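Student: I am new to this structure. Please take one part of it and walk me through it closely.

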Amino acid sequence: MNKYPLVCGLFLWSIYSAGPLSAQSRLDSLQRLKEVTVTGKFNRKIQTDLKMAVSVDEFLASSQQISFIKRGAYAWEPLLNNMGAERTNLTIDGMHIFGACTDKMDPITSYVESNTLSNVEITSGQEGALHGSTVAGSIDLQRKATPFGMDKKWSGAYQTGLEMNNKQFFNLANVAYSDEKWVIDASGAFRKAENYHDGNGQEVNHSQYTKFNSSLGVAYKTGSLSSLRVDAIFDQARDVGFPALPMDLWLSRALITSAAYKQLFLDGLVTSWDTKVYYNAIEHYMDDTTRPENLVHMDMPGWSSTYGLVSRLDLQKGDYRAEIQLNAYENVSIAEMRMYPQDRSERSMFAYSWPWVTSRYGGVSVNNSLALSASSEIGFGGSLGTHYNRVKYPEFNRIFHPDASASKTRLLPSLHATYRVHLAPFNFTIGSGYGHRAPSVSEGYGYYIYNSFDRYDYIGNPDLKNEVSYEWNASAEFKSDRLVLQASANYFHIENYIVGKILDMGSPMNYQSVGVKGYTSLDYARLFNVSIHADYDLLPHLHWSGALTYARARDQDGGNLPFIRPLSYQTGLHWMHGRFGIRSSVSGDLRQVDYSVAYGEDQTPAYAIWNASADYAFPLGNQRLDVQIGVENILNRYYSTYADWGNIPRMGRNIFTSLKLSF
């Protein structure tokens, strides 16, 4: 199979029924070339309520839909709707990027910096299938793109600061140039942190990291309604410790490149066409040379390279809108295990944990919306894709699955529908979805991937069935001049839910392992998520916000699934007057009751963390200087959460400072 499998013609009836718009409407849409278009359900300034200088992980964690598995202070693994990266589309500007680490130590969120992002689009469930097959939904990290013809030709910002607990020092800078024909966006970021200390004052060894990130984007206006843009990101991390794992990262590098063409139209059915080709390459080198306690030393290098295409059409006729997106990509994933005796000049074992796996995907997605009246609308759509895998060394899989083929092709359909109604001061939404996903590279082709959480080596199965998701969701919102109250819930029934089960055959390869598990499919699993959020203006200068989230997940036998967040809460006050602001918040989880012993979990106690910060903005002519100081975990609480790998403790009291100059 040497070409992308492309699926065409989905929902063509909706295109046939549309017609042209007025020239004035298209002139209005021309502003898309001169503004950052903000879409999605979680878009705001890239900072949290507490800190203006945040990592991408810290920013995403402020969403009620996202939690994280933490193996240290760096590169947290995002969970959307309490589901991991296998069940989520993670993209940067719509580009598919796949990590090169079998232990998930390099989610793609680790390859961008917060000062390069304009917003993050989080889409729950099958509405996220616009970027490809999914179960949990999609997270698209959207980078800054300066408009053409800005009043100021030059703009930018420089931010620096220090976090005392782990002596983290950071510098973030970005600069942009804009005229009527050209735009240049450039950025750089550097972070260096030492080991952090927990709430008992104990140093958490192997929690240090050093990270450098840079990016460059150049856009040229090829016509009054068209532009061409090329982008590149380079990211490098060195000496990254993972205290929850038996090894660390000595080097990770990523190169992410793309070229995009955008065309707007004044007349006709199509309002815009945006096409991008991209290529990215990641290399990731884990070893345990800093862990002399290990009896047998091991290196685990990995490589991942992806090239692809994203092409999107936006359509409009009256109250009807549609977006059609074509996705195609090819990824090659390779990971090795190299074992050494105490004399590292000798090598005692070699194996592929990802035996040169090629994955190809091609699909087309359609999202439609139609206003039924001034107060209601429906949204509906779907996708159809094909997923192809080929493994270069199938003998690794055939040790446990003798009849396993060297290649496999799957069909991945998806459908979703939503109804929205506005009955002032209320908004209501109800929806449903249906979709398939293919097993990940590790689930299908992994070979002796050690999981230090439950201490089992994992074996993939290339003949696993597609996971099939049935989803229902609903939300309600009340909005007045001073109060906003939101509640949302979703429910997933997932057939052929993929988990690891103990194998009777095979013996562990890692001396720390207690056995071998093979990926297999349960008949089904069920997940339920609910959240409530409130914002209230207590006084003209005093604002309160609060949130509650709860999740529950069980397998076919009523057993608990792992990494499901217990009841959690957050409450905070924000006082602002003129250029001065003070923020204070308390957040925490209740005791984890529904934990899963079968998957290596134990019970984690309840905790509550108190944070506070203060900031002031100094006007400096055409510039602005923002200064902030704050404290996280003011009471120096010692705690560990349900999602801390191996119960590693979180950071104790942390005083942070930040200074940002904008021009």
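Tutor: Here is a close look at one open sheet, followed by a short stop at a surface patch. Keep in mind that this is a predicted model.

Start with the sheet. Four strands build it, and it is open. Read across it, the order is E20-E21-E25-E24. The pairing is mixed. In general, strands of a sheet pair through backbone hydrogen bonds, and the sense can be parallel or antiparallel.

Now go to the edges. Strand E20 covers 449-451, and strand E24 covers 498-502. Each of these two has a single partner strand, so one side of each has no neighbour in the sheet. Neighbouring strands of this sheet are turned against each other by 40° on average, direction ignored.

Next, follow E24 to its partner. Strand E25 spans residues 515-521. E24 and E25 pair in the antiparallel sense, over five bridges. Pick out isoleucine 502: its bridge partner in E25 is lysine 517.

Last, the surface patch. A nonpolar patch of about 780 Å² lies on the surface. Its residues include Tyr158, Trp575, Phe618 and Leu661. Three strands each supply at least two residues of the patch: E29 (580-589), E30 (607-620) and E32 (654-662). E30 gives the most, with three residues. Look at leucine 620, which lies in strand E30. Leucine 620 is one of the patch residues. With a relative accessible area of 41%, leucine 620 is partly exposed. Patch residues need over 30%, so leucine 620 passes that cut-off at 41%.

Methods
Residues numbered from 1 in each chain as written. Predicted model: local features only at pLDDT ≥ 70, side-chain atom pairs only at ≥ 80, totals over all residues. Heavy atoms only, no water. Patch = residues over 30% accessible without salt bridge, like charges linked within 9 Å, V, L, I, M, F, W, Y side chains within 5 Å. Areas by Shrake-Rupley, 256 points an atom, 1.4 Å probe, with all protein chains shown as cover. Salt bridge = Lys/Arg side-chain N within 4 Å of Asp/Glu carboxyl O. Buried < 20%, exposed > 50% of the residue type's maximum accessible area, 1.4 Å probe, protein only. Pairing = 2+ DSSP bridges. Axes fitted to C-alpha atoms, helices over the stretch in contact; angles between N-to-C directions.
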